[in-house]
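Trainee: Hi! Could you walk me through this one before I set anything up?
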Amino acid sequence: METQTLLHQLVKQAFPDSIEDSTLNNYKTYFLRILNVRTGIQLMDESELQAEMTKMTNKSQAYRLQDCLNRLSKTRLRKKNELIHFLFRTSQLGQNNSYTNQTLDTLFKSQEISQINYSQTIPKKIIEESPKNNDQLNIIQQITDKGNVTLSITEKDLIKDLIFSIQGIESQFICYDPINDSFQVKKDIAISSASRKLLNVMCECGWLFKKIQTFTQSNYNSLVLQALQNSIKEELNEYYRLIAYFENLLAESTLTLRKMYMWLKQPMHHLVQINLVLSQILTNVQLGTTSSLVISILCRYSKHGCPQTSQLFSRILHQTTIPIVRFINQWIFDGSLSDQAQEFFIERNDSNKIQIRDSGELWKNEFKVNQDKIPYMISLNDSYKIFDTGRVINWLRKQKKFTQFNQNYDLITIDLLGTEQFSLFVDQVNKEYNKQLIQLIKPNFKITLNAIKRFLLLGQGEFIHTLMELLQTELNKPAQQCYRHTLLSILESAFKNVSQEVRLNVKLLEPSQNDTGWEIFCLDYTIDEPLNTIFNQKIMLSYYRIFNFLWRIKRVEFTLTQCWKMHQKFMAIPNQFQTIKKAIQLSYQMMNEMQHFIKNFYSYLMLEAIESSWKKFIDECDKIQDLDGLIKIHELFISDILDRSFLNTKGESTQKLLFKLFDYIFRFKSCQELLLSYAKDQISQTDNQQLQLKNLLNKQQNISRLNQNKNQDIIKSLLELRKQYRDQMFELLEKLKKEDRLKFLHFKLDFNEYYLGIQESKLFNQDLERFIEKCLPKVNEVQIQPNRVQSSKQLIQPQQPQQRTFNTNIEFQNEVRSVKEGLRLLDEQRRQQLQLKDQFSKSPLQKSPLLQIPPTMTEHEKRKNDEDLSSSDDD
Amino acid sequence: MSNNQNNSSNLKSQLKVSSLSQEKEEAQETLEIIHEMSQILNCGLDRQQLAILVSMIENGVNPEALALVVNEMKSELNTYKKIHKQ
């Protein structure tokens with residue numbers, strides 16, 4: 001080194017030549033050591049120079065010096081200031097030396113210590129190795145150490161330590177205090193309180209940093225949290241860059257605590273924000289609803305007022321939503337879900353452990369939306385649309401008819417997520433896929449629907465009729481004896497009449513006691529895979545119910561046609577059997593009544609119940625755009641039918657009534673059969689009688705009486721039946737009156753107020769009877785029979801006049817007169833009753849219902865009356 | 001004289017001047033100025049020593065330290081002379 005050679009030269013030149021080499025070397029090393037002391041010197045500047053110069057007494061010298069300085073500045077020397085400084089120092093030192101004795105002891109003991117500049121330390125090494133002045137320099141060291149303690153720690157050391165602590169690492173002077181949970185400067189180090197405060201504030205940074213680091217280094221399952229870790233790590237890169245910058249500055253030794261503080265302000269602010277967010281997130285990690293929470297929090301923070309914070313968080317948010325966006329893309333375009341940590345808001349519905357039996361349930365139940373996990377930026381509507389789209393694709397996939405057509409669509413990006421375009425986009429995709437679905441389903445659906453209507457809803461009349469004819473013998477057996485295969489074979493034979501190939505099946509319901517085959521028979525239509533979603537189990541059940549009901553009514557109708565056929569046979573009976581004829585007439589009337597009811601009711605069902613709902617349904621069908629809607633309107637259609645045909649819970653009572661009516665009709669049929677058999681018997685008997693007329697005259701009378709009795713029984717039973725039937729009809733009509741939309745049915749069933757009239761007269765007659773019994777005892781002599789029965793009894797009565805022989809005309813006329821008187825009495829009594837009624841009506845105590853009934857006889861009764869009179873006249 | 005020449009050559013090499021004569025003159029002039037200053041300030045250094053010292057400073061030696069060294073050297077010299085006189 002040049003310095004060394006120069007020094008060597010200097011020393012050699014200074015000392016006399018007689019010096020020994022060793023001592024020369026010693027000196028040299030000593031001087032070199034001194035030179036290598038690194039001290040923070042401050043060069044003399046202008047003001048000091050001036051001060052020095054004014055101290056000089058010799059003015060001329062001062063001038064000369066100034067002159068020299070000027071000249072020096074013109075030279076090419078590089079380190080002029082150093083040179084000047086050196087010269088002045090040397091002179092100073094020289095002067096100082098010359099003031100006192102030459103030994104250093106006395107020098108230091110003297111008062112002139114203050115004039116000596118002790119701003120530098122003389123390190124111990126040099127003192128130890130100094131050849132001669134060991135003791136003296138020791139003393140120097142001691143004094144300097146005692147005098148100035150703070151010299152041991154410099155700002156640079158502190159800054160070095162601080163750089164470590166802001167990375168969360170303990171260092172020489174700054175350590176981690178677990179009690180206070182912070183980084184703090186050691187208390188036993190003497191630095192100014194201002195520096196201490198600054199340091200502590202900046203150590204806070206280190207603490208925040210440590211916390212964030214623990215978060216970024218922990219392991220999480222959730223993809224969103226991993227993304228969050230990554231983004232935070234990226235943000236921390238900035239921090240690291242800052243630290244590197246600090247280290248650079250430190251090497252250049254231009255870094256101070258204040259500078260660091262100013263530089264750290266913004267990063268600290270960011271760290272604080274990040275920590276806030278993290279603390280909110282981490283408390284919820286245990287709860288399990290993290291990902292949506294994370295995103296919601298980040299979203300809210302990204303709209304923070306402070307622009308830097310909002311930028312920071314929008315960056316983080318960008319990164320963190322990548323997994324969610326990926327999920328959405330996968331779901332929307334692929335229909336698949338690969339979510340291991342269950343962060344996505346659409347999840348598989350395994351928790352209920354539903355056994356998915358058919359794709360109907362698959363559609364509804366396989367996936368579901370978990371509303372807790374929907375992130376903040378996606379609205380509920382959009383999330384449901386997304387859910388729907390994926391479901392559609394999934395379903396289509398399962399039917400193996402899925403064609404991907406996402407060529408038109410770009411994948412969703414994160415920027416799109418919070419905007420309106422997102423909803424529009426999702427909507428569009430949803431519509432496309434749903435269109436595909438509907439196109440796939442529609443033709444099949446229409447076919448199936450039509451088929452169901454024709455068969456299950458008895459649309460194809462002639463087929464149903466033939467089926468019934470063929471099946472009736474089988475179905476009349478008790479339920480246990482009905483076998484499916486027999487029924488199926490009959491069904492297939494019925495198919496021969498139908499042109500198309502149909503997928504019908506026989507379903508046998510659960511038989512209960514006393515059931516015949518009729519109750520358990522049900523037609524079934526086999527539904528294929530894709531349509532299972534629409535025609536699922538529940539819906540098919542309701543279809544079966546409707547079918548059952550309609551089938552019953554059809555059966556009743558069928559029964560009545562059979563009755564009519566029987567009637568045709570009755571026509572063959574010769575006219576002499578008047579009693580039987582009367583019975584036949586009665587049964588014919590009843591049959592007509594029942595037929596009227598059934599026909600009207602059935603037409604009501606087919607037209608108002610089924611057809612109108614059908615029309616509505618078909619209209620809606622064309623407008624429908626997705627599967628859910630289709631299912632809904634179909635269900636609506638069915639519930640509508642159920643409602644109008646009294647098959648739901650509301651119409652249960654009406655249904656019971658109807659079933660009772662049907663029951664009576666069946667009993668009527670059996671009654672008729674009895675009548676027919678009796679008639680046949682009669683005919684066969686009378687044939688015999690004509691041969692043995694004279695011999696068996698008495699017997700004939702007996703037999704005829706027996707016959708009469710039997711006939712009367714039949715007629716009685718018929719009349720009973722009619723009474724019961726009519727009672728039920730009245731109830732039904734009452735019920736129908738109450739509802740608005742059933743008014744038309746009511747009108748049809750009772751369109752000339754036939755039943756109303758009967759009701760009213762019956763009511764009147766009942767009350768009349770009671771009244772007469774109570775108040776007018778003298779009327780008991782004359783037997784007042786209710787008009788209704790009068791007509792039937794009149795049938796019986798003519799028998800007697802037939803067999804009675806009137807000996808004289810007079811007797812006959814007396815008979816007639818008595819009958820007429822009786823009738824007149826009846827009229828009088830009626831009038832009296834009316835008067836009494838009026839009297840009673842005025843009394844506040846009783847309000848007899850008699851008032852409401854018109855006192856006059858109805859047309860029907862009048863006719864009957866006339867009939868009586870005319871019949872009594874016939875003789 | 002040889003010393004002087006040495007010194008001047010040192011100065012030349014350190015000052016990095018191109019033409020020799022000009023360098024020489026300039027160097028001499030600078031040295032003169034410095035010598036005058038040291039004389040005014042009563043440093044007690046002759047030209048040779050000054051030349052070396054200036055070279056050292058130009059090389060980057062700490063002037064404070066150098067001043068100390070010079071001081072030490074002087075005192076050592078004195079003591080040495082005292083010792084060796086005896």
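Mentor: Happy to; we'll go through the overall makeup, the cores, a helix and a surface patch. Keep in mind that this is a predicted model.

Trainee: Sure. How many helices and strands does chain A have?
Mentor: Chain A has 32 helices and six strands. Of its 875 residues, 44% count as buried.

Trainee: And what does the accessible surface of chain A come to?
Mentor: About 49700 Å², with 50% of that belonging to carbon and sulfur atoms.

Trainee: Now the inside. Which residues touch the most other members of the largest nonpolar core?
Mentor: That would be A:Tyr543 and A:Phe597, in a core of 184 residues. Helix α23 of chain A, residues 578-623, supplies the largest share of this core, with 19 residues. Apart from it there is another core, of 46 residues, and its members include A:Leu35 and B:Cys43.

Trainee: What does A:Tyr543 touch?
Mentor: Leaving out residues up to four places away in sequence, its contacts include A:Leu449, A:Ile452, A:Phe535, A:His634 and A:Phe637.

Trainee: Switching to α24(A): how many of its residues are buried?
Mentor: 13 of 18, so to speak of it as mostly covered is fair. Helix α24 of chain A covers residues 627-644 and reaches 26 Å from its first C-alpha to its last, close to the 26 Å expected. Just after α24(A), A:Phe646 takes a positive phi of about 60 degrees.

Trainee: Last one: which residues form a nonpolar patch on the surface?
Mentor: A:Phe744, A:Phe747 and A:Phe751 do, with about 350 Å² of accessible area together. One of them, A:Phe747, lies in helix α27 of chain A, residues 743-749.

How values were computed: Residues are numbered from 1 along each chain as its sequence is written. Chains are lettered from A and ligands numbered from 1 in the order in which they are written. This is a predicted model: local features need pLDDT of at least 70, side-chain atom pairs count only at pLDDT 80 or more; totals for chains, interfaces and linings use all residues. Side-chain values use heavy atoms; hydrogens and water are left out. A nonpolar core is a set of buried Ala, Val, Leu, Ile, Met, Phe, Trp, Tyr and Cys residues joined through side-chain atoms within 4.5 Å. Buried means under 20% relative accessible area, exposed over 50%, partly exposed in between (1.4 Å probe, protein chains only). Helices (H or I, at least four residues) and strands (E, at least two) are DSSP runs, numbered from the N terminus. Contact means heavy atoms within 4.5 Å. The expected span of a helix is 1.5 Å times one less than its number of residues. Patches are made of residues with over 30% relative accessible area and no salt bridge: like charges are joined within 9 Å, nonpolar side chains (Val, Leu, Ile, Met, Phe, Trp, Tyr) within 5 Å. Accessible areas come from the Shrake-Rupley method with a 1.4 Å probe; for residues, only the protein chains shown count as cover. A salt bridge is a side-chain nitrogen of Lys or Arg within 4 Å of a carboxyl oxygen of Asp or Glu.
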